[in-house]
Amino acid sequence: MSLQQFMNEAISPWLKEEGPDSDIVMSSRIRLARNFAQVPFPIIADAADLDRILEYFNQEYHHQSFLDYNDFEFVSMNELKPIEKRVLVEKHLISPHLAEKSIHGGVLISKSEQVSVMINEEDHIRVQLYFPGFQLNKALEQAFAFDDWLEEKINYAFDEQRGYLTSCPTNVGTGLRASVMMHLPALTLTQKVNRMIPAINQLGLVVRGIYGEGSEAVGNIFQISNQITLGRSEKDIVEDLESVVKKLIEQERKARQLLMENSELRLEDRIFRSYGVLKHSRIIESKEAATCLSDVRLGIDEGFINHISKTILNELMVLTQPGFLQQYAKRNLTPDERDILRASIIRERLQLEE
């Protein structure tokens, strides 16, 4: 797959599939942080070291395949325009931190976009592997297999007592960050989610927005992930996260049921008002669009709306982000121009669906 295809397709192929509990858990992700032994880590490495690592991945893995992850495309950050970097961030293929690096950074992306390998981000290697719905164990199993494949050629920085060595002390040990993306509209509407977040944090987990650290939770979408990697096995980390996610799923289902029992008409009114805003607006800001898309998604899950697929909403959540809008327009846009184009794209996409 070419870079242009990554840019043009708003929704990754793997995200079009349904997964377990996908009405609430949008995706499961495993990220592994690794570094080359005897090479300075990116935070202190010189340009020559970083360029050698980039060239290594370009030579060894460009257009290679592993299991179902085919035709890896190597992309250098130095070759991308700012808008193109932003698109890759909006699709979760790279991190905002990597996007800020104008040189010495890169990424390998599989054809399905299910696996991406960030190169010279905070660490030399950051593998990301996604599955639709609630599939943390399957994602972990596949991430291990992919990690073993890389380790056949790469000598990792590893200490017998401390485990995998990383730039940030919070990643030392397993180097594992397990996370799920959850849609929690009912817990937000009933104002229960704000009381639950401190309790989740006390369990060694962290709640962030859709784009991870430092990002805001918009559209009632929250990312739940582990915070501790040292002294815990990968299996223990995933089991702890799974336990909390299962409770959140249970609480979200209960909250939805209560809304249906006690405020069904008000809920229905909110959903169709949001649908009306999406269908008829000529100008719409990103936060308002995300909130309305969240309401419509809840309407689909609860059976109020049955002529629109959730896949379309997943697509619109990405397609209406600033980077994608400007990629679509083929030029930089002012905030007002983005709001106008966003409304137009949403209207056109919903009309096509109908």
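This report walks through a sheet, an enclosed helix and some salt bridges in a predicted model.

## The sheet

Let's start with the strands. Eight of them form an open sheet, in the order β2-β3-β4-β5-β1-β8-β10-β9, and the pairing is antiparallel. At the edges sit β2 (73–76) and β9 (205–208), each with a pairing partner on one side only. On average, neighbouring strands here are turned by 20° against each other, direction ignored.

Zoom in on one pair: β3 (residues 106–109) and β4 (residues 115–119) run antiparallel and share 4 bridges. If you want a landmark, G106 has I119 of β4 as its bridge partner. Over by the β9 edge, helix α7 (residues 193–202) lies across β9 and β10, at about 145° to β9.

## An enclosed helix

Helix α10 (residues 310–319) is largely enclosed by the rest of the structure, because 9 of its 10 residues are buried. The buried ones are K310, I312, L313, N314, E315, L316, M317, V318 and L319.

What do the buried residues of α10 pack against? Two strands are on the list, β1 (25–34) and β10 (221–226), along with the helices α3 (82–90), α9 (286–301), α11 (322–329) and α12 (335–353). Both β1 and β10 belong to the eight-stranded sheet described above. K310 of this helix is also part of a salt-bridge network, together with E252, R256, D301 and E302.

## Salt bridges worth a look

Across the whole structure, a search turns up 22 salt bridges. One of them joins the side chains of E60 and K153, at 2.9 Å from N to O. This pair links distant parts of the chain: E60 is in helix α2 (residues 47–61), while K153 is in the loop between α5 (136–151) and β6 (158–159), 93 residues apart. E60 counts as partly exposed, with 29% relative accessibility.

E113 and K91 also meet through their side chains, again with an N to O distance of 2.9 Å. E113 lies in the loop between β3 and β4, and K91 in the loop between α3 and α4 (96–99), so this bridge ties together parts 22 residues apart in sequence. Are these two buried or exposed? E113 is buried, at 2% relative accessible area, and K91 counts as buried too, at 7% relative accessibility; the cut-off for buried is under 20%.

Then there is D159 with R162, a salt bridge of 3.7 Å from N to O. D159 counts as partly exposed at 23% relative accessibility, and R162 is likewise partly exposed, at 49%.

Notes:
Residues numbered from 1 in each chain as written. Predicted model: local features only at pLDDT ≥ 70, side-chain atom pairs only at ≥ 80, totals over all residues. Heavy atoms only, no water. Buried < 20%, exposed > 50% of the residue type's maximum accessible area, 1.4 Å probe, protein only. Contact = heavy atoms within 4.5 Å. Pairing = 2+ DSSP bridges. Axes fitted to C-alpha atoms, helices over the stretch in contact; angles between N-to-C directions. Salt bridge = Lys/Arg side-chain N within 4 Å of Asp/Glu carboxyl O.
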